[in-house]
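Visitor: Hi, I'm new to this one and would like a walk through it. Could you bring it up on the screen?

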Amino acid sequence: MSNLFKDLKRYKKKVSLIDEKFGEITYSQLVNEAEKVKKKIASNSVALLISDNKSEFITGYIAFLQKKNIISIIIDQTFSVNFILKIISLYKPNYFFCSNRLKENFKKNVDLKTVHDFHDFSIYRTNYNFHEKVNFKNFLLISTSGTTQNPKFVRLSEENLKDNLYKIIASLKITKIHRTITTMPLAYSYGLSILNSHLLSGATTVLNSKSVIDKNFWLTIKKYKVNSFGGVPELYKYLKRINFEKYISKSITYLTQAGGKLEEKTLKYIGEICKKKNIKFYVMYGQTEAAPRISYLDWKDFFFKINSIGKPLRGYKIKLVDKKKKIINKINTKGEIMFLGKNVSLGYANNLNDLKKGDENNQKLYTGDLAKKDKQNFFYIV
């Protein structure tokens with residue numbers, strides 16, 4: 001059994017998820033359902049999980065991650081049928097987990113035998129042999145950003161995830177009284193990170209598939225007294241467009257932004273509204289290859305260091321290097337971000353054979369992003 005979610009049961013009657021269909025789901029209920037699922041699946045397996053912002057998916061996701069010696073591959077339900085079939089042929093998963101409506105797309109091409117049904121989701125067994133020769137240090141595979149039609153995945157260990165999650169929880173001070181809402185697919189590393197950090201904190205996640213431009217999104221926030229949400233630059237551009245000041249609920253205490261650089265005009269706009277409404281706004285930087293968060297700009301520094309990605313999360317290091325990978329120490333000098341931390345992924349995978357590999361990165365990641373740093377060691381993407 002893995003250790004990532006082993007302590008969830010200690011939160012007992014605390015609400016873990018709020019689902020539009022099932023209402024409030026306590027941690028006890030979530031753990032008990034995941035235990036039932038876990039008994040239906042075998043070790044020495046590769047599992048393909050098709051994500052959906054639904055409580056059934058999260059139950060299955062927890063079960064697969066808790067089971068010893070399973071490598072889970074997570075992709076989004078919006079990926080094309082042909083792409084998913086390509087993933088199946090390349091990685092030969094023993095289990096296929098998806099909503100029942102999606103199964104209809106695959107039953108002609110893949111031999112699927114139902115292992116477990118729960119509500120609108122099912123776990124299916126394929127006819128591939130179990131995998132005893134893969135390296136189970138590979139714990140979770142997530143698609144790299146922007147490569148939704150490329151079978152290249154980031155190989156993450158359990159330690160990568162845990163290390164990053166506990167640093168996020170400490171930096172954002174997430175506690176069991178917090179409530180967040182999903183604004184991204186869970187197959188996206190940033191969206192999954194928000195869910196995981198709230199689960200580990202005993203906090204509550206409101207499951208949502210609506211856009212921020214949908215009035216019902218804001219009604220849901222108000223109804224369930226949501227404290228925070230996160231988003232990529234596109235989400236904040238939408239917020240500016242709809243003048244989100246008139247929608248924002250009094251319950252919101254902080255927002256996070258990551259997944260790319262937000263233009264200064266929009267940063268200032270969001271920052272000014274947050275200041276007026278007594279909301280903290282944290283700009284973060286990360287990559288899927290870093291499980292996924294690397295740095296954050298504390299709210300107290302926001303207006304003094306506008307455009308900065310801040311400083312690395314505690315315990316991590318950012319160095320700038322030149323084309324020859326030599327460290328640059330001069331301030332305001334452009335270089336590639338080299339990142340050092342226990343959250344750095346093991347490497348990449350393009351097929352089943354790559355799951356035999358171990359740690360190829362040794363806690364060092366060359367991000368490909370160019371940046372500079374100022375006198376106070378705040379970093380800026382250039």
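Guide: Helices (H or I, at least four residues) and strands (E, at least two) are DSSP runs, numbered from the N terminus. The model is predicted, with local features needing pLDDT of at least 70, side-chain atom pairs counting only at pLDDT 80 or more, and totals for chains, interfaces and linings using all residues. Residues are numbered from 1 along each chain as its sequence is written, and side-chain values use heavy atoms, without hydrogens and water.

Visitor: So in what order do the 8 strands of the open sheet come?

Guide: The order is 6-7-5-3-4-8-9-20, with mixed pairing, where two strands pair if DSSP finds at least two bridges between them.

Visitor: And which strands stand at the edges?

Guide: Strand 6 (113-118) and strand 20 (347-349) do, and because each has a single partner strand, one side of each is left without a neighbour in the sheet.

Visitor: How many bridges join strand 3 to strand 4?

Guide: There are 7, between residues 45-51 and residues 70-76, and these two strands run parallel; Ser-45, for instance, stands opposite Ile-70 in strand 4.

Visitor: Switching topic, what gives the most to the lining of the largest pocket?

Guide: Strand 14 does, with 4 residues. A pocket is an open set of points on a 1 Å grid over the protein atoms alone, where a 1.4 Å probe fits, with protein on both sides within 12 Å along at least five of seven lines, and lining residues have an atom within 4 Å of a point.

Visitor: What about the second largest pocket, which helix gives the largest share there?

Guide: Helix 8 (residues 233-241) supplies that share, 3 residues, while the 20 lining residues include Thr-183, Met-184, Pro-185, Ser-209 and Lys-210, which lie nearest the centre of this second largest pocket.
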